[in-house]
Amino acid sequence: MHRCFQLALLGCGNVAPNPMVGAILVHEDKVIGEGFHRQFGEAHAEVNCINSVASPQQHLIKESTLYVSLEPCNHYGKTPPCTDLIIKNKIKKVVIGCIDSFEKVNGSGIANLTSAGIEVIQGVMETEALMVNKRFFTFHHKQRPYIILKWAQSNNKKISQTGKRTYITNGYTNILVHKWRSEEGAIIVGTNTVLQDNPSLTTRHWKGNNPMRLIIDKNLKIPGDAVVFKDDQPLIILNNKKQEQKGNKLFYKTDKDENMVVAAINILCQQNIISLIVEGGAVLLQSFIDAGMWDEARIITNRLMHIDNGLAAPSPGKSEMFDTITMGSDEIQFFKKV
C-alpha cells in the first residue's frame with residue numbers, strides 16, 4: 001500500500017479535480033504491474049496497472065491481488081468504471097486504502113466487486129490514504145478548496161522590510177516554492193504584494209503546471225504594466241470597480257461589503273478548483289486565518305536574517321506542527337489547523 005501512495009503522488013498537479021490514485025498487482029509476493037492516474041481525463045490507476053503487465057505474465061493477472069490506494073470507481077465519467085475492468089480480468093482479491101466518499105462512488109465500487117465474488121479488504125493504512133487525497137476530500141466534504149498558507153520570514157518573524165521588496169528565501173527554497181505552486185490548482189495574493197514585489201505567480205523555476213492566479217485588488221491600484229498582465233496565463237482580479245473580460249484576464253466585480261476571502265473561495269468552487277495556495281501579503285494571510293479558512297501552513301524562516309522596522313509575520317493561531325525540513329539557511333515548518 002505504501003508503494004501505491006508513492007505512485008499516486010506522482011500525479012500531483014496533473015489529475016485534479018480527480019483524486020490521486022496508485023495501484024499495483026502482486027502475484028505470490030512479486031509485483032507484476034503498477035500504475036497511477038497520470039492526467040485528468042485519461043486512464044485511471046487500475047487501468048494503467050493492468051495494462052503494464054508484461055505479455056508473458058498476463059495469465060497471472062487473475063491469480064493476483066490488486067492493491068489500490070482508493071476505492072475503484074464504479075461510474076462512467078471521462079473513462080469507464082474501473083470495477084468493470086477488475087471484474088473482466090477475474091482478479092480474485094482487491095486491497096483498498098480508503099473508501100472514495102465522492103457521492104458517485106462512496107462504497108458502490110466495493111459493493112460491485114463483492115457482488116462479483118471478489119474478496120475486498122478495505123481500510124489498509126487508511127489514515128495515510130486519506131492524507132494522499134486531502135485536497136480531494138476537503139473539496140467534497142467542506143465544499144471549498146484545500147487551502148495552504150505560505151510565507152517567508154526573518155529569524156525575528158518579519159515578513160518584509162516596510163515599503164520595499166525583501167528577498168528572504170534562498171535559491172533552493174525558491175525552487176521548492178515553485179514546485180509547490182505546480183501542485184495546487186490556484187494561487188492568490190493581495191494588492192500590496194503585487195505593487196511591492198511585481199511577481200509573475202508562475203512555476204518558472206519548476207517544470208509543471210501553472211496554477212490559476214487570483215489577485216485581490218479592490219480599487220484596481222495595480223498598474224497595467226505589472227508582470228501578471230504581460231503573459232498569457234489566466235488571471236482573475238477580484239475588485240469593487242468593474243466586471244470585464246480581457247482575453248484570459250477576468251476582472252471580477254464583487255459587492256463592496258462582500259468578504260473577499262469568501263468571494264475567492266466561491267469563484268474557485270465554481271471552477272472546480274480543489275486547492276489553493278495563499279502567498280501573501282500579511283493582511284491577506286491573516287484574513288484567511290481569521291476566517292478559519294485554511295488547512296495547512298508552510299512557514300519558511302531564514303535563520304540568518306534579521307529585519308529591523310519590518311512588517312510582522314502572521315500567526316497561524318491554533319495549529320500543530322507536523323513536519324520540518326532545512327534547506328541551507330532556511331528552515332521550513334509545516335503546520336495543520338487544529
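What follows is a short look at the overall build of the protein and at one of its sheets, based on a predicted model.

Taken as a whole, the protein comes to 10 helices and 17 strands. Its radius of gyration is 22 Å, close to the 20 Å that the globule rule gives for 338 residues, so the chain is as compact as a globular protein of that length. The C-alpha trace spans about 70 × 45 × 35 Å along its principal axes. Of the 338 residues, 49% are buried, with buried taken to be under 20% relative accessible area. On the outside, the protein exposes about 16100 Å², and 49% of that comes from carbon and sulfur atoms. As for how the chain meets itself, contacts between residues at least 6 apart in sequence were sorted by separation, and 67% of them turn out to join residues at least 24 apart.

Now for the sheet. Five strands make up an open sheet in the order β2-β1-β3-β4-β5, and the pairing is mixed. The edges are taken by β2 (30-36) and β5 (119-121); each has a single partner strand, so one side of each is left without a neighbour in the sheet. From one strand to the next, the twist averages 20 degrees.

Strands of a sheet pair through backbone hydrogen bonds, and they can do this either parallel or antiparallel. At the β2 end of the order, β1 (residues 22-27) and β2 run antiparallel and are joined by six bridges. Within this pair, Ala-23 stands opposite Gly-35 in β2.

Terms used
Residues numbered from 1 in each chain as written. Predicted model: local features only at pLDDT ≥ 70, side-chain atom pairs only at ≥ 80, totals over all residues. Heavy atoms only, no water. Pairing = 2+ DSSP bridges. Helix = DSSP H or I, 4+ residues; strand = E, 2+ residues; numbered from the N terminus. Axes fitted to C-alpha atoms, helices over the stretch in contact; angles between N-to-C directions. Rg over C-alpha atoms; globule rule 2.2 N^0.38 Å. Buried < 20%, exposed > 50% of the residue type's maximum accessible area, 1.4 Å probe, protein only. Contact = heavy atoms within 4.5 Å. Areas by Shrake-Rupley, 256 points an atom, 1.4 Å probe, with all protein chains shown as cover.
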